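Let's take a friendly walk through this protein together. Have the sequence and the 3D view ready.

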Amino acid sequence: MAMWNAWRGCKKCSDGCLHCYIHKGDSKRNVDTTEIIKTKDFEKPIEKLKNGNYKIKSGIVYLCFSTDFLIEEADEWRNECWKIIEERQDCTFLFLTKRIDRFMKCIPDDWEDDMIM
């Protein structure tokens, strides 16, 4: 199981956030969850070993499990993430969100042409 937290931090946006594990876990580690920051692992999926293989193996990658991938404060970084995801077509990127209403706004422009509605 691979994890990729390109950024961290979150802001509550609905009643569903009341018992969110992100806020509870960060509180235990004295991390300010309200601060949305790009992490040092931002390019983790495309990092390579000395032999040229990717450090993260093919398979499922759990994306932004210490934040919400669609959070507004990360809009400036998300396009870079889509490029990384496009490069790693051998992986399936899985994320959870409470902001699904932002999905169509956050996907790459060329995805809309291929989507079946």
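How many salt bridges does a search of the whole structure find? The search finds 9. Keep in mind as we go that this is a predicted model. Before visiting some of these pairs, let's get our bearings in the fold.

The protein has 3 helices and 5 strands. Starting at the N terminus, you will meet them in the order β-β-α-β-β-α-β-α. Of the 117 residues in the protein, 38% are buried. The accessible surface comes to about 7,800 Å², and carbon and sulfur atoms contribute 51% of that area. Among contacts with a separation of 6 or more, 79% are made by residues 24 or more positions apart.

Now back to the charged pairs. Side chains of opposite charge can pair when their charged atoms come close. A good place to look is Arg102, which is buried, with 7% relative accessible area. Arg102 forms a salt bridge with Glu72, and the closest N and O atoms of this pair are 3.9 Å apart. The two partners come from distant parts of the chain: Glu72 sits in the loop between β4 (59-63) and α2 (75-87), while Arg102 sits in the loop between β5 (91-94) and α3 (103-106), 30 residues apart. Glu72 itself is partly exposed, at 40% relative accessible area.

Arg102 also meets the side chain of Asp75 in a salt bridge, at 2.9 Å from N to O. Asp75 belongs to helix α2 and Arg102 to the loop between β5 and α3, so this pair ties together parts that lie 27 residues apart in sequence. With 30% relative accessibility, Asp75 is partly exposed.

These residues are part of a wider arrangement. A network of salt bridges links Asp68, Glu72, Asp75, Arg78, Arg99 and Arg102, so it is worth displaying all six side chains at once if you want to follow it.Another pair to find is Arg88 and Asp90, whose side chains meet in a salt bridge at 2.8 Å from N to O. Is Arg88 buried or exposed? Arg88 is buried, with a relative accessible area of 1%. Its partner Asp90 is partly exposed, at 35%.

Finally, a look at the cysteines. The structure holds 0 disulfides. Cys91 is buried, at 10% relative accessible area, and Cys106 is buried too, at 6%.

Definitions and conventions:
Residues are numbered from 1 along each chain as its sequence is written. This is a predicted model: local features need pLDDT of at least 70, side-chain atom pairs count only at pLDDT 80 or more; totals for chains, interfaces and linings use all residues. Side-chain values use heavy atoms; hydrogens and water are left out. A disulfide is a pair of cysteine sulfur atoms within 2.5 Å. Buried means under 20% relative accessible area, exposed over 50%, partly exposed in between (1.4 Å probe, protein chains only). Helices (H or I, at least four residues) and strands (E, at least two) are DSSP runs, numbered from the N terminus. Contact means heavy atoms within 4.5 Å. Accessible areas come from the Shrake-Rupley method with a 1.4 Å probe; for residues, only the protein chains shown count as cover. A salt bridge is a side-chain nitrogen of Lys or Arg within 4 Å of a carboxyl oxygen of Asp or Glu.
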